[in-house]
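Work through the following exercises with the sequence and the structure side by side, and try each task before reading its solution.

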Amino acid sequence: MFLWAPMTHASHHLTLADIARHLDVDFEGDAGQPIRGLATLKEAAPDQVAFLANRAYLKDLSTTKAAAVLLHPEHGKNCPVPRLEMANPYLGYAKLSQLFDPLPARDITGIHPTAVVADGAMLGEGVSVQAHAVIEAGVVLGERVVVGAGSVIGADSVIGDDTRLHANVTVCHGVVVGKRVILQSGCVVGGDGFGFAHDGAGWHKIAQLGGVVLGDDVEVGSCSSIDRGALGDTIIGNDVKIDSQVQIAHNVIIGDHSALAGCVGIAGSTKVGKHCMLGGGVGLSGHLTICDGVQVTGMSLVTNSIHEPGVYSSGTGAMNNTQWRKNAVRFKQLDEIAKRLSRLEKSHRSE
Amino acid sequence: MFLWAPMTHASHHLTLADIARHLDVDFEGDAGQPIRGLATLKEAAPDQVAFLANRAYLKDLSTTKAAAVLLHPEHGKNCPVPRLEMANPYLGYAKLSQLFDPLPARDITGIHPTAVVADGAMLGEGVSVQAHAVIEAGVVLGERVVVGAGSVIGADSVIGDDTRLHANVTVCHGVVVGKRVILQSGCVVGGDGFGFAHDGAGWHKIAQLGGVVLGDDVEVGSCSSIDRGALGDTIIGNDVKIDSQVQIAHNVIIGDHSALAGCVGIAGSTKVGKHCMLGGGVGLSGHLTICDGVQVTGMSLVTNSIHEPGVYSSGTGAMNNTQWRKNAVRFKQLDEIAKRLSRLEKSHRSE
Amino acid sequence: MFLWAPMTHASHHLTLADIARHLDVDFEGDAGQPIRGLATLKEAAPDQVAFLANRAYLKDLSTTKAAAVLLHPEHGKNCPVPRLEMANPYLGYAKLSQLFDPLPARDITGIHPTAVVADGAMLGEGVSVQAHAVIEAGVVLGERVVVGAGSVIGADSVIGDDTRLHANVTVCHGVVVGKRVILQSGCVVGGDGFGFAHDGAGWHKIAQLGGVVLGDDVEVGSCSSIDRGALGDTIIGNDVKIDSQVQIAHNVIIGDHSALAGCVGIAGSTKVGKHCMLGGGVGLSGHLTICDGVQVTGMSLVTNSIHEPGVYSSGTGAMNNTQWRKNAVRFKQLDEIAKRLSRLEKSHRSE
């Protein structure tokens with residue numbers, strides 16, 4: 001009944017015709033050509049499909065050995081091999097990439113004998129609960145949920161259909177996770193927010209009584225932290241993509257379709273709009289409101305709310321250390337420099 | 001004898017009188033009013049207690065539907081519902097929050113059948129060692145210690161009374177953890193410090209022979225790292241609060257009652273005083289001394305010791321990217337700008 | 001056959017003669033003096049060896065109580081105890097430190113009864129697979145590999161001889177790890193890279209079909225993330241040392257012997273040369289090339305490729321917040337300040 005079998009090396013036996021059908025595009029060429037994977041234009045073998053999604057690689061098109069190339073119609077004429085034309089070839093590449101992911105092939109339905117599933121947990125059809133996973137009491141797993149080896153789901157949490165927890169993930173108690181969510185290894189959803197009251201001498205912990213709600217199609221990167229709310233919930237909208245090493249504090253709200261690159265940190269109660277993009281290492285102070293459509297470039301610190309869509313930045317670019325030392329010293333004199341300039345201007349005008 | 005039962009949904013059956021007694025305050029109102037939780041002034045239902053700890057929310061006081069409000073006596077007269085007056089209502093909120101935390105109710109005394117406890121480990125009264133936890137040889141657990149699912153405690157480590165390791169925590173070998181400490185999921189206490197000697201061609205690892213000592217009442221956030229010392233120990237004082245995604249390198253010493261927000265990084269051998277507060281993403285270079293009572297604002301880099309209490313900052317605030325690009329270019333010319341200004345001043349004076 | 005025994009407290013019974021032999025140096029003194037460990041000059045007891053590797057500690061030499069001191073010949077004459085003279089005493093310290101690491105002594109060959117090893121996994125001689133570890137199908141472990149408690153090795157990954165995974169490490173599927181590699185607790189090697197295509201409305205995941213290749217003698221710190229490649233692999237060269245809380249994105253390449261301090265973040269497809277050193281919290285944008293021999297100081301952001309070896313920096317040093325606020329405001333006016341200066345210079349010259 002339950003077999004924990006080795007990973008199947010995907011011998012997909014896909015053909016070029018299968019690929020084209022998956023993308024819903026026409027093509028001219030050998031429909032039966034076997035396709036074993038994807039590669040760049042430069043590296044593709046004759047049984048791999050390549051793609052052209054960035055003009056910087058146009059130079060590699062005329063010499064590609066790929067079985068076919070996914071590209072925009074405007075580049076079709078320069079292609080030496082069968083063409084799969086799409087308005088958005090990068091999107092086509094994303095869709096094809098799913099066909100070659102070896103992970104789904106190894107998900108065996110069932111509960112590994114070493115997994116611990118509490119009485120009263122409710123498991124949907126087709127779930128896969130892997131070795132040493134722990135499902136605490138009151139948990140509800142939707143259909144086809146995969147719980148990777150060593151992952152722990154705390155009491156009363158609810159996981160939507162088709163969601164995957166990779167290995168060693170922790171979902172704490174009382175967390176709600178949507179459908180088709182992907183939680184990478186080592187991430188923690190629902191750890192306590194950082195809340196303490198000071199009595200003049202030291203700290204008193206504020207029990208974090210809220211939860212975390214992750215929308216549908218969310219992804220959380222490896223070793224990232226999404227803390228639970230103090231009273232209300234921390235809320236991550238639908239289709240929000242969160243990279244590795246990210247910290248999201250209690251009661252943060254992230255709007256749908258926003259993307260947070262690696263090492264981002266967002267302090268408590270800040271609200272980020274929809275379709276925002278935060279570059280790597282960006283920091284947002286607490287209690288801010290960032291409107292929809294804001295982009296913040298890497299390692300910028302945002303300490304005030306942003307009410308206009310656009311691109312925002314802080315900091316200084318890197319330079320040679322010798323040069324930097326001189327300039328950094330001057331930064332400390334900057335207010336004085338500005339005042340001296342004003343005095344000089346005034347004096348000059350009065351002559 | 002050992003029952004691994006579902007989480008008890010806290011049906012506390014607390015009344016307003018219980019709440020007031022817990023805070024040691026008087027009140028006028030319905031002593032028997034059931035209280036099922038806490039909420040903000042705006043969102044509180046008639047069976048929830050609210051609090052006013054920030055003047056920004058004074059506007060919500062007159063319309064609150066809370067069963068009672070925790071507030072400073074100066075705001076008492078505007079409160080439409082029973083008052084719980086305290087000089088520090090935020091502290092009162094912290095104390096009440098503990099009453100509604102569902103976690104303690106589910107801690108079942110005993111060792112889960114799947115936990116691995118080495119012969120020779122010593123376990124205090126009332127410990128809870130949860131599913132798939134691993135307690136290595138020589139470990140000593142104090143009374144009522146909770147070891148969450150999947151957590152590992154390395155050989156010869158000592159854990160004080162009433163300390164809680166959430167799920168998937170790692171305490172490495174030879175670590176000393178105080179009483180009432182809270183380790184959030186995914187954190188690692190006692191990984192090797194980053195020490196290597198270079199022989200001109202490559203690196204030779206320096207075995208990290210020190211340990212980590214965490215004082216009483218310490219909290220460590222999810223996915224944070226506290227590295228073990230090279231020779232002596234890394235030392236975290238009493239009542240130090242450490243948020244998620246924090247990195248504390250080998251032989252760092254943190255004084256009592258200091259608080260480190262998310263994503264802070266402290267390099268090796270730096271000593272931070274008591275009652276310091278480091279904002280999110282702050283970095284401290286190695287071998288520094290930071291005196292007591294220092295606050296550093298978010299994402300600042302500190303490369304020199306600080307000998308005076310106060311607030312310290314570095315960096316630049318975020319601005320529109322177009323504006324930023326122009327200014328960032330000028331930063332690289334800053335030393336030259338300052339020199340040009342001096343020349344102009346000199347020339348002007350000599351006229 | 002398999003005994004899971006308590007950690008042996010290393011009663012090495014080493015003598016001063018053993019120490020000198022290990023370092024291949026001569027000495028004058030009591031060859032039979034027992035040595036139980038290493039310490040600083042100041043703290044060393046009469047059965048500990050100390051070292052002098054930094055002139056700042058020369059003041060402690062004349063009063064040291066160490067059994068012997070590892071030092072450069074130029075300092076030998078001031079040493080009150082037996083001398084172990086080496087051109088690189090810090091390297092000598094590194095070599096000695098290995099003798100006193102208690103961990104190897106506790107590695108018991110075998111597979112803990114609670115570990116899950118898939119049929120078809122291949123395990124070399126002398127491996128130690130600890131409690132609740134999970135070895136998935138197709139995995140190959142070299143000789144003497146140690147897999148710590150709770151660690152998971154995904155399908156088809158290959159781990160080289162003498163590599164150690166501490167507790168709760170995750171190596172995802174299809175990852176290749178070299179020999180003598182050390183993976184600290186909580187790190188994740190091979191989580192998905194952060195790749196999505198946008199269709200105008202939302203995100204489509206790009207399956208991350210590449211892997212991760214770690215060279216020989218690599219170390220990865222606690223809670224660090226090394227993401228798998230999108231098509232090709234993420235590649236970490238030989239003898240690369242990576243500290244805690246580091247994020248390495250998909251398809252990054254790091255050259256041999258480079259060292260990355262804590263909290264470093266490297267965005268996708270960036271290539272770092274050999275013998276580079278990145279300070280704590282440094283960020284590298286994506287698709288850059290950093291040549292060999294580059295050092296970047298702490299918390300600097302690098303957004304352009306670097307083609308010359310040297311030291312690079314960005315940002316501003318920390319200062320008092322009151323002073324900082326004034327200067328940071330001026331930073332936003334910097335372009336305007338520079339223009340005003342130019343106008344004044346021009347006007348002055350034309351007089």
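**Exercise 1.** Find which side chains meet in a salt bridge between chain A and chain B of this predicted model, and state how many salt bridges the two chains share.

*Solution.* Begin with the pair itself: the side chain of A:Arg340 meets that of B:Glu345 in a salt bridge, with 2.8 Å from N to O. This distance of 2.8 Å satisfies the cut-off, which asks for a nitrogen within 4 Å of a carboxyl oxygen. Then take the total, which is three salt bridges between chain A and chain B. Finally, look at the elements of chain A that give two or more residues to the side touching chain B, among them strand 38 (310-313), helix 4 (321-331) and helix 5 (334-349).

**Exercise 2.** Describe the extent of the interface between chain A and chain B.

*Solution.* First count the residues: 75 of chain A are in contact with 75 of chain B. Next comes the buried area, about 5900 Å², of which carbon and sulfur atoms give 63%. Within the part that chain A buries against chain B, A:Phe194, A:Trp203 and A:Leu231 supply 12%, more than any other three residues. As a last step, add the polar side of the picture, where 32 residue pairs are in polar contact across this interface.

**Exercise 3.** Work out how chain B and chain C are related.

*Solution.* A turn of 120 degrees, with a shift of 0.0 Å along the axis, lays chain B on chain C with an RMSD of 0.1 Å. The two copies are therefore related as by a three-fold rotation axis.

Key. Residues numbered from 1 in each chain as written. Chains lettered and ligands numbered in written order. Predicted model: local features only at pLDDT ≥ 70, side-chain atom pairs only at ≥ 80, totals over all residues. Heavy atoms only, no water. Least-squares fit on C-alpha atoms with pLDDT ≥ 70 in both. Contact = heavy atoms within 4.5 Å. Buried area = accessible area lost by both parts, 1.4 Å probe. Polar contact = N/O pair within 3.5 Å; in protein donor to acceptor, adjacent residues only side chain to side chain. Helix = DSSP H or I, 4+ residues; strand = E, 2+ residues; numbered from the N terminus.
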